[in-house]
Amino acid sequence: MLSQEARLPVKDAVTAAIDYVKELYEGVSLRDLLLEEIEYSNASDKWLVTIGFSLPETKEVSSPVIFPAKTSRELSRRYKTVVIDAISGTPDSMKIRNV
Amino acid sequence: MCSATVNIQVSSELLLDTNLLLLLFIGGKDTSLISKAKTLSAYTEEDYELLQEFANLNQFTGLLTTPHIITEVSNLLGKERDDIKRVGREAVVEFLARCNERLDSSAELASKPEFNRLGITDTAIALAANSTVFVLTADLPLYLHCSRSGLNVENFNHVRQGSWS
């Protein structure tokens, strides 16, 4: 287990996680990128950083009886947990955070 | 608006989730112990100061807790080295002397639909949260549950991130 002084600072871990999400969604307009949860694994010396963001999605909404089908845009929020190595500061992986 | 302030509609008691209460207890005794506490790995002295600022700026009418939160805090303190354990337990005693405590039976909590998803401590928090209680948490499932239920809640991680910019 690294001492707090030896490990990547929390702010840098969050920045690395947000940059990683942006990189993976390059070209997509991500909104409200927020730190939602953060945990430090003493066992593996990794930061587990959960980032939330919204992206505009097109969703078909049909009114089956009277009105014709219409399309509406709605925002849905996504949550991803990025694992950041606390020694190198680089992202190891990203997974969906189901909540 | 300062990042540590929130819109509180009515006079509210502040209810802190387990990890934030632990941060308050250990940091309140000696901020240099925060970096040495195994159970506060994700927090810094700056976070303690921000938490204090949040509590002070928002003029809460008092503090509220539950036996489940205090049990979790006590169990986490049990994992710390002796000096942190000692000051943390002193802080628990001082805190309990000046806060209100809400007790719901375990049977009632376990009967709630959110129990399966949130567990007993967070179900107790969700049940305690109402128009006169403001919940501050760093736990995403609890935050989302309270937020989607229209309860007064803030994610401390949003407050932290706001303070960095």
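1. A residue is taken as buried if 20 or more other C-beta atoms lie within 10 Å of its own. By that criterion helix H1 of chain B is mostly covered, with 9 of its 12 residues buried. The buried residues of H1(B) are B:Thr18, B:Asn19, B:Leu20, B:Leu21, B:Leu22, B:Leu23, B:Phe25, B:Ile26 and B:Gly27. The geometry of this helix is as expected: at 1.5 Å a residue its 12 residues should span 16 Å, and the end C-alpha atoms of H1(B) are 17 Å apart, which agrees. The model is a predicted one, and the remarks below should be read with that in mind.

2. Confidence in chain A is uneven. The mean pLDDT of chain A is 85, and 81% of the residues score at least 70. Among the elements of chain A, helix H1 (residues 10-24) has the highest mean pLDDT, 97, and strand E3 (residues 70-85) the lowest, 75. Over residues 66-74 of chain A the pLDDT is below 50, although the model gives this stretch 11 contacts beyond near neighbours in sequence.

3. On the fold of chain A: there are 1 helix and 4 strands, and along the sequence they follow the pattern α-β-β-β-β. Of the 99 residues of chain A, 26% count as buried. Among contacts in chain A with a separation of 6 or more, 52% are between residues 24 or more positions apart.

4. Two aspartates of chain A deserve a look at the backbone. In most residues other than glycine, phi is negative. A:Asp32, in strand E1 of chain A, has a positive phi near 50°. With 11 C-beta neighbours inside 10 Å, A:Asp32 counts as exposed, the limit for that class being 12 or fewer. A:Asp45 lies in the loop between E1 and strand E2 (46-61) of chain A, and its phi is also positive, near 55°. A:Asp45 has 15 C-beta neighbours inside 10 Å and therefore counts as partly exposed.

5. Chain B contains an open sheet of 5 strands with parallel pairing, in the order E3-E2-E1-E4-E5. Its edge strands are E3 (100-101) and E5 of chain B, each of which pairs on one side only. E4(B) and E5(B) run parallel and are joined by 3 bridges. B:Val135 stands opposite B:Val153, a residue of E5(B).

6. The contact between the chains takes 13 residues from chain A and 16 residues from chain B. On the chain B side, helix H7 (140-148) and helix H8 (156-164) each supply at least two residues. H8(B) gives the most to that side, with 5 residues. By class, the side of chain B that touches chain A has 6 nonpolar, 7 polar and 3 charged residues.

7. H8(B) merits its own point. Which of its residues are buried? They are B:Phe156, B:Asn157, B:Val159 and B:Arg160. Seen down the axis of H8(B), these buried residues fall within an arc of 155°, so they line one face of the helix. They pack against strand E1 (31-41) of chain A, and also against helix H1 (18-29), helix H2 (45-57), strand E4 (133-137) and strand E5 (153-155) of chain B. The list of packing partners thus includes elements already met above: H1(B), with 9 of its 12 residues buried, and E5(B), an edge strand of the sheet. On the chain A side, E1 is the strand that holds A:Asp32.

Key:
Residues numbered from 1 in each chain as written. Chains lettered and ligands numbered in written order. Predicted model: local features only at pLDDT ≥ 70, side-chain atom pairs only at ≥ 80, totals over all residues. Contact = placed C-beta atoms within 7 Å. Nonpolar A, V, L, I, M, F, W, Y, C, P; charged D, E, K, R; others polar. Arc of directions from axis to C-beta. Pairing = 2+ DSSP bridges. Expected span 1.5 Å × (residues − 1). pLDDT = per-residue confidence, 0-100.
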